Amino acid sequence: MIRGLYKSFSKPTFSITSFTNEKTQSFLNTVVSQTSRTYCTKSEDKPKLRHVLKKFYLMIHPDTLTEHPHEKNVNSHNMKLFMSIFDQYKKRPTADPNVKPTVHNLNFYVPEEKLFGREVPKSSKDRKFKVIDIEMVQNSSNPNHIPNQIRLLFEKCQLPTNFITEIETVDNVRQPSINGSLREFLLDNKHYVSQKLIISEKQKSELDSMVRKMKRELKLNIQMVTDPLDSSFTYQENYHALLHFENVIKEWKEKVQQEAKDGSELVSNNLLKFDLNFTDVNFTSSEPVCYLDRSSPETWSEYLNCLDLSVVKQEFLEEKKNMEIKAKQFQKERVEFFSHTPIFEKLLKCRSFKYSEHDDPSEDPKLYLNPMEQMTQTLNFTSMLMKNKSQLENLMKTRFKKYKFGINIAIVPNLHKGKFVIDMDGTLKINPNITFEEFCDILENQHKVAHEQSLLADKYESIRDYAKVRMGLRHLTCLSSFAYTQGYKKVFDAYQKLYDSADRLRDIGLSGFVLIIGDYYSVSKSGEIVLKYDFNTQELIKQLSPTTSKVKEEIIENIINIDDNIANQKQQPEDIKIDLTNISSVLEQYESQSKLNNKTF
């Protein structure tokens with residue numbers, strides 16, 4: 001967008017050093033250097049990651065190591081693993097919440113002649129190798145982890161480290177410098193984030209409209225995640241998938257209605273759902289839901305034409321019968337459990353005694369229990385407490401007499417890592433698979449910690465809300481994975497820093513944005529800003545004066561207008577010719593005003 005300024009100052013006829021004011025030179029150097037990293041002509045393009053990867057694969061390819069069996073086997077194994085990790089990352093740069101992160105320690109044997117440009121030794125015995133190690137976390141919560149580790153790998157292999165990944169949320173988000181401030185990170189990415197927020201909302205609205213239209217006109221139940229943050233696919237992929245699905249389903253539905261075979265009523269009565277959210281295989285469950293493989297849409301038509309609706313109908317009726325039995329059992333257990341809760345709230349003198357879900361992403365998703373199984377375990381636990389009610393009453397008069405529990409207690413069947421956990425809001429979460437004695441010990445030893453955590457959460461909730469309102473944010477929260485693994489104190493400290501700097505941060509113009517505290521810097525697919533918890537706010541004190549801000553905005557506005565005019569006249573960006581008249585006058589004004597405001601600087 002401001003390529004014109006960068007190209008102009010690259011010419012010897014117009015130099016930044018012609019300005020005498022050092023602050024003027026510093027500001028312009030910053031603008032031009034930032035622009036040069038973002039906007040490049042064709043001759044200055046960064047290499048694409050896939051092209052550099054080809055060079056890396058040639059360096060360590062097993063086929064070139066036939067006379068070195070050990071090195072060949074190691075490289076072959078690690079190369080396959082590396083390619084698998086990277087392919088998964090390309091398909092889904094954001095972490096899958098249903099899959100635990102996996103750490104892989106990879107090592108490669110790189111021939112030294114390829115590293116240092118030497119000739120290949122005539123004898124295989126004279127060939128020397130350098131072992132290069134790298135750690136890669138598959139399904140890492142940090143979307144920048146894989147590119148950063150690849151950069152380290154390339155650096156060790158004497159390959160380019162400044163490349164384009166061709167992944168939007170990685171290439172378009174500028175990472176902060178080591179000593180960079182929060183202000184710099186936000187200013188660098190503010191325009192991209194604001195555009196992303198607008199675009200993602202618009203795209204979600206368009207997809208929602210398409211889904212509603214197809215449901216209405218085709219009389220089908222279609223399931224598609226349209227929120228860019230939660231979807232595994234881009235807007236374009238979802239858009240074209242819906243268009244293809246519409247063409248396929250129209251033809252198939254007409255065929256089903258014409259043949260009118262057993263099971264066709266599933267389609268005519270809109271009982272068969274179609275899910276377009278997964279890439280696996282085409283299959284139909286007994287709910288009944290038809291899952292269409294997004295990785296191979298060309299197979300949808302053939303799969304649907306071969307689908308035996310009579311078998312689907314029979315499975316559906318059996319599943320429906322089983323679900324009705326389970327639903328009755330679930331409702332019965334639920335009613336019985338809720339009859340226990342007021343008894344224990346009164347007996348234990350706690351704020352609440354309830355059943356709760358557990359959102360700790362570090363838990364193994366394979367151990368996840370469905371709602372019916374959770375309710376069964378919860379009821380079994382409270383039934384055990386009811387059997388020991390008289391003993392619990394005696395304990396409250398003796399052993400627990402001096403304690404004031406006054407906390408929230410939650411029964412959490414999906415808590416598998418331990419017997420209990422104290423949540424961010426101070427809730428004492430209990431694993432129902434414990435004994436009565438263990439429950440009593442947990443109450444005695446952890447109620448004070450839970451109470452203190454609750455008070456702390458109340459305090460920082462008000463701090464967070466103040467920072468959110470003062471900065472004009474749409475939402476301010478934290479990554480649950482970060483909170484569970486790194487501890488709540490780091491989250492609270494980050495809220496405190498935002499609270500302390502809220503009056504200054506509001507000048508940056510973050511109204512309507514979403515900030516999320518985590519352990520890395522990034523921008524999500526829907527435009528949410530993830531801030532690393534240890535961001536630096538010292539630079540926030542040195543806010544730009546109104547005069548300087550006004551001049552900066554004027555410079556950028558003039559540059560944008562010039563670029564827009566040029567874009568309307570010419571299609572090729574590398575042929576841009578720029579008139580420096582407007583820029584010169586604006587920069588002269590900037591310099592003169594800077595001299596009058598030296599104290600401000």
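Here are some friendly questions and answers about this predicted model.

Reader: Before I use the model, what is the mean pLDDT of the chain?
Author: Glad you started there! This is a predicted model, where local features need pLDDT of at least 70, side-chain atom pairs count only at pLDDT 80 or more, and totals for chains, interfaces and linings use all residues. Residues are numbered from 1 along each chain as its sequence is written, and side-chain values use heavy atoms, with hydrogens and water left out. pLDDT is the predictor's confidence in each residue, from 0 to 100. Here 76% of the residues reach 70 or more, and the chain mean is 79.

Reader: Over which residues does pLDDT stay under 50, with 66 contacts beyond four places in sequence?
Author: A contact means heavy atoms within 4.5 Å. One such low stretch, with 25 contacts beyond four places in sequence, is 569–583. The stretch with 66 of them is residues 1–25.

Reader: How much of the chain counts as buried?
Author: Buried means under 20% relative accessible area, exposed over 50%, and partly exposed in between (1.4 Å probe, protein chains only). C290, at 0%, is therefore buried, and C478 at 15% is buried too. Of the 601 residues, the buried share is 43%.

Reader: Which helices do the buried residues of α14 pack against?
Author: Helices (H or I, at least four residues) and strands (E, at least two) are DSSP runs, numbered from the N terminus. In α14 (residues 389–397), the buried residues are L392, L395 and M396. They cover an arc of only 100 degrees around the axis (taken from the directions from the helix axis to the C-beta atoms), which puts them on the same side of α14. Their packing partners are α12 (309–348) and α15 (436–471).

Reader: Which strands stand at the edges of the sheet β11-β12-β14-β13?
Author: This is an open sheet of four strands with mixed pairing, where two strands pair if DSSP finds at least two bridges between them. Each edge strand has a single partner, so one side of each is left without a neighbour in the sheet. The edge strands are β11 (475–478) and β13 (522–523).

Reader: At what angle does α17 run to β11?
Author: β11 pairs with β12 (residues 514–518) in the parallel sense over four bridges, and H475 has V514 as its bridge partner. Helix α17 (residues 488–500) lies across both strands. Axes are lines fitted to C-alpha atoms, for helices over the stretch in contact, and angles run from 0 to 180 degrees between N-to-C directions. For α17 and β11 the angle is about 150 degrees.
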